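The following exercises concern local features of one protein chain. Please work through each task before reading its solution.

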Amino acid sequence: SETSRRIIGTGNALLRASDRWTLSFNYANFNQDHRPSALVVLNDTLRISASTQTIGANASFLTGSIEGGMVGTLTISANRQTTTNGNPANEGFDDLATAFGSALYSLRLPNQTTSLTLGLNANEIDLPTTRTQGYGVTAGASQAWSETKAQVGVTNTYNITRVNGLRDGFSNVLRLTGSYPLATGQTASLQVHWIERQSEMGFGFSEFRASLGWRWTW
C-alpha cells in the first residue's frame, strides 16, 4: 500500500599531522521519500520527502609539555546542516539550515588534577521567514582528587540571541557534574543542569534537571 525509500551516505577522514595536530572531516547524507500508493494519486498530504546533509570539520592542537607540566588543548569545530523538504504540497516552506562554530581552549595545570576551560561559540538557524543567531562564551573548571578518584566540574555557557537582526534576550546554561567512588567497581555520579532563556519576540522559560547515577563494574 505504500513505498518507503531511504538513501544514506556518510564519509569521515582523519589526519594526524603530528603529535600535536589533528584534523578531521565528516559528511553525512540522509534522504527519505515516503509516499502513499499509486491508488491515492490525489492525496499528497501523506507524502514525506526530505533530504538532510551534514558537513563538519574539527581541528585540535596541543600546547605545552605532553609528558608533564602544564598542557593546553585548542579545539576548533564547525558544522553545517541543511534539510530540504521535497513534498510538493509545501515544498520550500519549511526548509531548514543550521550552522555552528566554536573555539575551545582547555588548560590542565601542572598538578595534573585541575583543568580550566574557556571558549567562544556562534550558531545560526535559517528558516524561510526567520533567521536566529546566537553567540557567546563558555567558561568552566574541573578538579580531580587522585587519593579518592573523585571528580567535580562546573561549566557555564552564556549566549546572546538575535532574531532577524534584532536583539532578542539571552540564554544561559549552567552544568554541574560530579563522581565519587563508593567501593571497588562502584561509582556514584551527579549531573545538574540549569537552563534559562529570555525572549521578547517568542517565549522565555527556565528548566532545572538533575540526575543521580550508580555504576557497578566487575
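Contact here means heavy atoms within 4.5 Å. The model is predicted: local features need pLDDT of at least 70, side-chain atom pairs count only at pLDDT 80 or more, and totals for chains, interfaces and linings use all residues. Residues are numbered from 1 along each chain as its sequence is written, and side-chain values use heavy atoms, with hydrogens and water left out.

**Exercise 1.** Place Glu-124 in its strand and describe its surroundings.

*Solution.* Step one: Glu-124 belongs to strand S6, residues 114-126; strands (E, at least two residues) are DSSP runs numbered from the N terminus. Step two: leaving aside residues up to four places away in sequence, Glu-124 touches Ala-97, Thr-98, Ala-99, Arg-131, Thr-132 and Gln-133. Step three: the side chains of Glu-124 and Gln-133 are joined by a polar contact of 2.9 Å. A polar contact is a pair of N or O atoms within 3.5 Å; within protein, one must be able to donate a hydrogen and the other to accept it, and residues adjacent in sequence count only if both atoms are side-chain atoms.

**Exercise 2.** Characterise Gln-112 and Asn-164 by phi, location and exposure.

*Solution.* Step one: most residues other than glycine have a negative phi. Gln-112, however, has a positive phi near 70°, and Asn-164 has a positive phi of about 50°. Step two: Gln-112 sits in the loop between strand S5 (96-108) and S6, while Asn-164 sits in the loop between S8 and S9. Step three: buried means under 20% relative accessible area, exposed over 50%, and partly exposed in between (1.4 Å probe, protein chains only). Gln-112, at 37%, is therefore partly exposed, and Asn-164, at 46%, is also partly exposed.

**Exercise 3.** Analyse the aromatic pairs Trp-21 with Phe-61 and Trp-216 with Trp-218.

*Solution.* Step one: rings of Phe, Tyr and Trp (its six-membered ring) pair if their centres lie within 6.5 Å; planes under 30 degrees apart count as stacked, over 60 as edge-to-face and the rest as tilted. The structure holds 4 aromatic pairs. Step two: the ring centres of Trp-21 and Phe-61 are 4.8 Å apart and their planes lie at 40°, so this pair is tilted. Trp-21 lies in strand S2 (residues 21-36) and Phe-61 in strand S3 (residues 48-64), so the pair ties together parts that are 40 residues apart in sequence. Step three: the rings of Trp-216 and Trp-218 have centres 5.1 Å apart and planes at 50°, so this pair is tilted. Trp-216 is partly exposed at 47%, whereas Trp-218 is exposed at 84%.

Key:
Helices (H or I, at least four residues) and strands (E, at least two) are DSSP runs, numbered from the N terminus.
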